[in-house]
Amino acid sequence: MKLKVKNFNWYAGHPVVILNEKTAKKMNIFVDDRVEITTPKKRVYAPVDIFTKLIKNNEIGISHELGRIIKTKTGTKIEVSSSELSEASFLIKKKLNGATLTQKELTLLISEIVHNNLSEGEIAFFTAAEKLQGMSSRETINLTKAMVKTGARLKFKGKYVADKHCIGGVAGNRTTPIIVAICASLGITIPKTSSRAITSASGTADVIETISDVELPLKKIVKVVETQGGCLAWGGSLGLAPSDDKIIQVERLLGLDIQPQLLASIMSKKISVGTKHLLIDIPYGRGAKVKDLTHAKNLGRKFYKIAKHFKIKMKVVYTDGSQPVGNGFGPVLEMLDVLAVLQGNGPEDLRQKSIDLSIELIKLCGIKDAKKKAEKALASGKAYEKFKDIINAQNGKKNFKERVSKLKLAKFKKTIRAKKSGKITYISNKGINSLCRILGTPETISAGAYLHKHVGKIKKGDPLLTLYTESKTKMKDALKFLEEFKPINN
């Protein structure tokens, strides 16, 4: 059926169409059914919403996300038809029943996710199947292949094309921007694409976005990397393993971390940007995603198997994840930590971990005197200058100083002090992240928490945490959370 396009400039979170009730009845379509949209250049799928007041009969409303895909002007007529149940739905049921999916089946399933032919509910069932039934090494490799195949691929010149990734779970821990700056300043090509927060206070992309554009087209990423040696972009804007970002969106809603998906997610994006040298940081300990060194090394072995299959030179490092790294948690607060370290100050734990990981990546590339070169790059300000160059290149103009000057913290703040002298024995990563979510992160970039003390001695009256939020209600909820869950043991 031919329908006239009406582009809506609103964000639905995913591609979606709106139909008039009369049009939907003629097509025998109901809310949350899927339609197939055919243009001269593309065929895509999208779920349906019905809202007669917004859309006329024989029209189709297009969300911003779908508009970016089909690129069709308002008033243009397009072919719209009901979409039959995808074969991928049967594959999800097959996985839920404990079967192993083949390369061909996983490629079909991932392709259907990319083309919006699966609902969020179906994707949720797929993630649940991964969580409940697990995946063999071969199946995880095949999932990785499928995710790479359905996305864009980049190739960079240079002797050393490297990358670093942390599996997450530790509050703060914003080492990536510092490592990229150090390594790029030493001639290593490091096209870093990062994710937004799933369960944490913020992701690397959320932090960088406080001073820089991160949703960059592929051509611009290539230009930035070729001129500056590195980038700090959001992977979701590049079409690299695009299924991953749709799955992450569902994982975030469910608060799940799924190991096969984590492995395939990380490795597919590294393969897509042409990484040849890869450093993986697996934090472990009480409160981290991985509870002890034994489990960390088990996960590490799985990374090594995938890396070997794709001929990537890899090093896995196992780091202390028993407490937060850095002082600030939330986009602006974490960026302030990063800037402080690059300028020779900042939290010592964040500075030292960034140097240590940089050394490992430099050594992995076969460069001599790694320790001396990494420390000198940071101490001399060379890394800071490179960081500024990368940010300016991503923004398209030299406005680094102006953007940094606009970093502001939320208007409501509250400092929590120690009620007694003694020792902080434990700080919960999950508790700090949950606290920051309550305060409004990562959506409210100025919100979050500043940690004054890590594990160790403390005196009565010493500041523990300063909370920041733009909402009095959220501050009240955060204080209630602190009282009930006590993420800091004093």
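**Notes on a predicted fold**

1. Let's start with one pair of residues: Tyr450 stands opposite Thr466 in β18. Keep in mind as you look around that this is a predicted model. The pair belongs to the join between β16 and β18, two strands that run antiparallel and are linked by four bridges. Tyr450 has a partner in another strand too, since Gly328 has Tyr450 of β16 as its bridge partner. That second link is part of the join between β12 and β16, where two bridges connect antiparallel strands.

2. Now zoom out to the sheet around that pair. Four strands make an open sheet, in the order β12-β16-β18-β13, with antiparallel pairing. Which strands stand at the edges? They are β12 (328–329) and β13 (412–417), and each has a single partner strand, so one side of each is left without a neighbour in the sheet. For β13 that partner is β18 (residues 463–469), and six bridges hold the antiparallel pair. In this pair, Lys413 stands opposite Tyr468 of β18. A helix comes in as well: α18 (residues 429–439) packs on the sheet and touches β12, β16 (448–451) and β18. The direction of α18 makes about 35 degrees with that of β18.

3. There's a second arrangement of strands to find, and this one closes up. Six strands form a barrel in the order β1-β5-β2-β4-β3-β6, with mixed pairing. From one strand to the next, the twist averages 45 degrees. Pick out β3 (residues 34–38) and β4 (residues 43–50): they run antiparallel, joined by five bridges. Here Glu36 has Tyr45 of β4 standing opposite. As a reminder, strands of a sheet pair through backbone hydrogen bonds, either parallel or antiparallel.

4. Helix α5 is a nice one for checking a rule by hand. At 1.5 Å a residue, its 14 residues (120–133) should span 20 Å, and the end C-alpha atoms are indeed 20 Å apart, which agrees. Its buried residues are Glu122, Ile123, Ala124, Phe126, Thr127, Ala129 and Glu130. Right after the helix comes Gly134, with a positive phi near 70 degrees.

5. Is helix α7 largely enclosed or open? Of its 10 residues, 10 are buried, so α7 is largely enclosed by the rest of the structure. Among the buried ones are Thr176, Pro177, Ile178 and Ser185. Just after this helix sits Gly187, whose phi is positive at about 95 degrees.

6. Next, the largest nonpolar core, which has 48 residues. Those touching the most other members are Ile178, Ile188, Met335, Leu342, Leu361, Leu378 and Phe387. Elements that each supply at least two residues of this core include α7 (176–185), β9 (230–234), α14 (348–364) and α16 (382–395). Try tracing Ile188: setting aside neighbours within four places in sequence, Ile188 is in contact with Tyr160, Ala162, Cys183, Gly229, Ile362, Cys365 and Ile367.

7. Finally, the overall picture. The protein has 19 helices and 19 strands, and buried residues make up 55% of its 490 residues. Its C-alpha atoms fill a box of roughly 70 × 55 × 50 Å along the principal axes. A compact globule of 490 residues would have a radius of gyration near 23 Å, and the protein has 24 Å, which agrees. Among contacts between residues at least 6 apart in sequence, 79% join residues at least 24 apart.

Notes: Residues are numbered from 1 along each chain as its sequence is written. This is a predicted model: local features need pLDDT of at least 70, side-chain atom pairs count only at pLDDT 80 or more; totals for chains, interfaces and linings use all residues. Side-chain values use heavy atoms; hydrogens and water are left out. The expected span of a helix is 1.5 Å times one less than its number of residues. Buried means under 20% relative accessible area, exposed over 50%, partly exposed in between (1.4 Å probe, protein chains only). Two strands pair if DSSP finds at least two bridges between them. Axes are lines fitted to C-alpha atoms, for helices over the stretch in contact, and angles run from 0 to 180 degrees between N-to-C directions. A nonpolar core is a set of buried Ala, Val, Leu, Ile, Met, Phe, Trp, Tyr and Cys residues joined through side-chain atoms within 4.5 Å. Contact means heavy atoms within 4.5 Å. The radius of gyration is taken over C-alpha atoms; the globule rule is 2.2 Å times the number of residues to the power 0.38.
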